[in-house]
Amino acid sequence: MKIDLKLTPIANHLEDPGWPLLIAGPCSAESERQMLDTARQLKASNRISCFRAGIWKPRTRPGAFEGVGEIGLEWMQAVKRETGLLTACEVATAEHARLAMKYGVDILWVGARTSANPFSVQEIADTIKGCPVTVLVKNPVNPDLQLWIGALERLNRAGITRLAAIHRGFSAYEKTPFRNAPLWNIAIELKTICPGLPIICDPSHITGARELVPLVAQKALDLDMHGLMVEVHNNPDVAKSDAAQQLLPVDYARMIRDLRLREASPLKAGTLSALDAYRQEIDALDDGIMQKLARRMELSRKIGEYKRENNLMVLQLSRWEEILHHRAALGKAMGMDEGFVKKLLELVHEESINLQAEIMNEAALKKN
Ligand code: PEP
Ligand code: MN
């Protein structure tokens, strides 16, 4: 399935047109001084297309810093006046969109919690209908590609053609090395379904940790993403939101300088060869398989401890037969070879049993 969005290119105000779109700035606008100081340093780095700051902050629990509100838009104007940078902020309601337009914000983005709500997206789309503003749509918090596409379509149908998606990772119940699991394959699938739609990666919200930001930023460029949105703060340790993931301007500048841009290829930008696209998807899936296997082994260890404490046998034959039977049927229904599925399960089961036996032995050794 392909979806034909009506798109016009998003301007990239970097001097070198070969550079990805670079949006940087604090998670939240906190004071005029913080905004101007951060923006001046970013501007001096020469590696920024647009300055971002959250004016209204969607917080998981009430009582946390919820943004400075309208006054922050005046500070945005000051940033623009002083540095000449384009500006961007998040809008979650029709009123936010109205105010952002009134203060001349150049780029609006729809946050991950809002893009999961079609009513809110529609309200925003109705408010900015036909305006020449650029809108970026973050993926919804849950890994639902159709919901993401639906939000993009609602805005596109309201005449917003300067449109891009932001990949900011997905919340996962399981523990992952990242704050939001990247699930790269979803972003790749979006690229396949909506050809020509720029996708920008937000490594700050994916990682949740400043030391991991460069790693994910590079990976995004390797996956042919159109740009980056990075949280940068003049004093991240005292930031009122997302302190752990914000970079100092100097670290941002270093990261951008060290990024490896993909070799110019004879292919038109934005089009991957089919082989590249398959390989990228396979890489992303393999990462996911590794994460799931690691979690499965962690659970096996926990089961080992439980069995040890309750004096149960490691091998529970009926449970193993049940696993084999169900998973083999599932694999078959999904078009996989039964023999392959069985071999895979046996290998995984063997490793689980070994882990549990080790835990039992440790206990026995300690006793002696
Ligand atoms: C943000 O960009 O500061 C933000 C709140 O992002 P998200 O919607 O991705 O959580
Ligand atoms: Mn943030």
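In this predicted model, the manganese ion (ligand 2) is held by four named donors, namely the SG atom of C27, the NE2 atom of H205, an OE atom of E231 and an OD atom of D242, at 2.1 to 2.4 Å. Along the sequence these donor residues follow the spacing C-x177-H-x25-E-x10-D. The pair C27 and H205 links distant parts of the chain, since C27 sits in the loop between β1 (21-25) and α1 (32-45), while H205 belongs to helix α7 (residues 203-207), 178 residues apart.

How exposed are these two donors to the surroundings of the protein? With a relative accessibility of 1%, C27 counts as buried, because buried means under 20% relative accessible area. H205 has a relative accessibility of 8% and therefore also counts as buried. A further donor, D242, is buried as well, with a relative accessible area of 19%, and this residue will return below in a second role.

Beside the metal there is ligand 1, and the residues around ligand 1 are C27, R52, K57, E90, W109, G111, A112, R113, K138, R168, H205 and E231. Three names in that list, C27, H205 and E231, are already familiar as donors to the manganese ion. By character, the shell around ligand 1 divides into three nonpolar, two polar and seven charged residues.

Some of these neighbours can be followed down to individual atoms. In the side chain of R52, an N or O atom is 2.8 Å from an oxygen atom of ligand 1, and for K138 a polar side-chain atom likewise lies 2.8 Å from an oxygen atom of ligand 1. H205, which contributes its NE2 atom to the manganese ion, also has a polar side-chain atom 3.4 Å from an oxygen atom of ligand 1. Taken alone, ligand 1 exposes 290 Å², and the protein buries 97% of that area.

Turning from the ligands to contacts within the protein, one finds that the structure holds 15 salt bridges, and one of them brings the reader back to the metal site. D242, a donor to the manganese ion, forms a salt bridge with R179, in which the closest N and O atoms are 3.1 Å apart. D242 lies in the loop between β8 (227-231) and α9 (249-258), whereas R179 lies in the loop between β6 (163-167) and α6 (184-193), so the pair ties together parts of the chain that are 63 residues apart in sequence. The two partners differ in their exposure, for D242 is buried, while R179 is partly exposed, with a relative accessible area of 39%.

Another salt bridge joins E70 and K102, with the closest N and O atoms 3.8 Å apart. This pair, too, links distant parts of the chain, because E70 is in the loop between β2 (50-52) and α2 (71-83) and K102 is in helix α3 (residues 94-102), 32 residues apart. E70 counts as partly exposed at 33% relative accessibility, and K102, at 55%, counts as exposed.

What of a salt bridge whose partners both lie in helix α9? The side chains of D251 and R254 meet in such a contact, at 3.0 Å from N to O, and these residues are three apart in helix α9, about one turn of the helix. D251 counts as partly exposed at 28% relative accessibility, and R254 counts as partly exposed at 40%.

Key: Residues numbered from 1 in each chain as written. Chains lettered and ligands numbered in written order. Predicted model: local features only at pLDDT ≥ 70, side-chain atom pairs only at ≥ 80, totals over all residues. Heavy atoms only, no water. Donors = N, O, S within 2.8 Å, 3.2 Å for Na, K, Ca; no water. Helix = DSSP H or I, 4+ residues; strand = E, 2+ residues; numbered from the N terminus. Buried < 20%, exposed > 50% of the residue type's maximum accessible area, 1.4 Å probe, protein only. Near = heavy atom within 4 Å. Polar contact = N/O pair within 3.5 Å; in protein donor to acceptor, adjacent residues only side chain to side chain. Areas by Shrake-Rupley, 256 points an atom, 1.4 Å probe, with all protein chains shown as cover. Nonpolar A, V, L, I, M, F, W, Y, C, P; charged D, E, K, R; others polar. Salt bridge = Lys/Arg side-chain N within 4 Å of Asp/Glu carboxyl O.
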